[in-house]
Amino acid sequence: MADKRKHSILTLQKMKAEGEKVAWLTAYDYPTAAFAEEAGMDMLLVGDSLGMCVYGYEGTVPVTMDQCIVHCEAVRRAAPNTFVVGDMPFMSYQVSDEEAVVNAGRFLKEAGVDAIKLEGGQRIVSRIRAILDAGIVVCGHIGLTPQSSGQLGGHKAQGRTVASAQALIEDALAIEEAGAQLLLLEAVPPEVAGFITRRLSIPLLSIGAGYECDGQLLIVSDLIGQFQAFTPKFVKKYCNVAEVITDAMKAYIADVKAGTFPAEEHCYHMLKDEAPGFPEMTKKYE
Ligand code: KIV
């Protein structure tokens with residue numbers, strides 16, 4: 001999309017004010033990010049979900065800063081006109097405000113992203129303030145927070161009781177008050193998400209938090225039917241690349257076994273003037 005204009009926090013804020021929904025997707029590599037920019041995606045997230053979707057880990061906890069930076073660099077190169085958010089991996093911001101700022105800064109200095117995302121509510125308010133003080137755009141993430149899913153008793157929807165919904169509202173207000181410019185809400189009932197969306201002035205994005213939020217995020221590997229381990233309830237699959245790719249690979253194997261690949265059109269022949277000399281030259285090797 002040659003004429004695409006990259007979003008800023010101001011245009012994302014304007015979309016909220018005007019009721020235009022934000023379309024947000026994860027991307028981890030160059031080709032996928034290029035397709036997303038071509039498709040007109042508003043935002044990309046280089047999520048630490050890359051641990052599961054790219055590296056085959058069971059969860060996000062093993063993901064390192066260096067892995068995140070490498071994937072952010074690839075996405076940035078492919079999608080220069082899309083608002084890219086880098087996801088801070090486990091233990092890159094939990095220890096201290098200072099470490100959080102240094103690591104958040106790496107996402108901007110080394111990979112050129114537009115914002116960083118980190119998980120947690122009231123308990124990470126001082127991290128959010130410290131990162132904002134360094135001039136970095138911050139996206140909060142509350143609800144189901146995969147990095148601390150052990151404390152939540154697993155990958156479970158949040159805010160399904162009045163007390164838990166209230167805790168989410170308190171977290172959302174604390175994050176907005178700290179100055180974060182975006183907030184992601186994961187796996188929360190739409191009635192709770194809708195209330196928070198209306199209550200906040202910053203854009204509230206949903207992944208599994210229903211239709212009332214200011215925009216939606218999906219994991220690209222779910223959307224295209226690539227991730228096979230499990231499919232959360234909130235996922236909509238738009239195609240099945242696993243089937244397309246596996247079928248193509250099976251067809252290739254069959255062609256190789258049958259000798260139908262490569263065919264004449266896939267071959268490089270000797271130069272026309274050189275070809276007659278070849279049989280003569282090989283005689284001494286027979
Ligand atoms: O890493 C990621 O893709 C995320 C989503 C699960 C929200 O943080």
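Pro 262 is located in the loop that connects helix H10 (241-258) with helix H11 (277-282), helices (H or I, at least four residues) and strands (E, at least two) being DSSP runs numbered from the N terminus. The peptide bond between Phe 261 and Pro 262 is cis, with omega about 0°. The model is a predicted one, in which local features need pLDDT of at least 70 and side-chain atom pairs count only at pLDDT 80 or more, while totals for chains, interfaces and linings use all residues. Residues are numbered from 1 along each chain as its sequence is written, and side-chain values use heavy atoms, with hydrogens and water left out.

A further backbone feature occurs at Met 91, in the loop between strand S3 (83-87) and helix H5 (97-111). The phi angle of Met 91 is near 75°, a positive value in a residue other than glycine. Most residues other than glycine have a negative phi, and most peptide bonds are trans.

The ligand is surrounded by 13 residues, of which Gly 47, Asp 48, Ser 49, Asp 87 and Lys 117 come nearest; a residue is near a molecule if one of its heavy atoms lies within 4 Å of it. Polar contacts (pairs of N or O atoms within 3.5 Å) to oxygen atoms of the ligand are made by side-chain atoms of Asp 48 at 2.8 Å, Asp 87 at 3.0 Å and Lys 117 at 2.9 Å. The ligand taken alone exposes 250 Å², and 95% of that is buried by the protein (Shrake-Rupley method, 1.4 Å probe). The shell around the ligand comprises five nonpolar, four polar and four charged residues, where Ala, Val, Leu, Ile, Met, Phe, Trp, Tyr, Cys and Pro count as nonpolar, Asp, Glu, Lys and Arg as charged, and the others, Gly among them, as polar.

The ligand occupies the largest pocket (more than half of its atoms within 2 Å of the grid points). A pocket is an open set of points on a 1 Å grid over the protein atoms alone, where a 1.4 Å probe fits, with protein on both sides within 12 Å along at least five of seven lines; lining residues have an atom within 4 Å of a point. The volume of the largest pocket is about 1,100 Å³, taken as the space filled by probe spheres set on the points. Its lining consists of 47 residues, with Glu 186, Ile 207, Gly 208, Pro 232 and Phe 234 nearest the centre. Strand S1 (22-26) and helix H3 (50-53) are among the elements that each supply at least two lining residues, and S1 provides the largest share, four residues.

Notes: A polar contact is a pair of N or O atoms within 3.5 Å; within protein, one must be able to donate a hydrogen and the other to accept it, and residues adjacent in sequence count only if both atoms are side-chain atoms.
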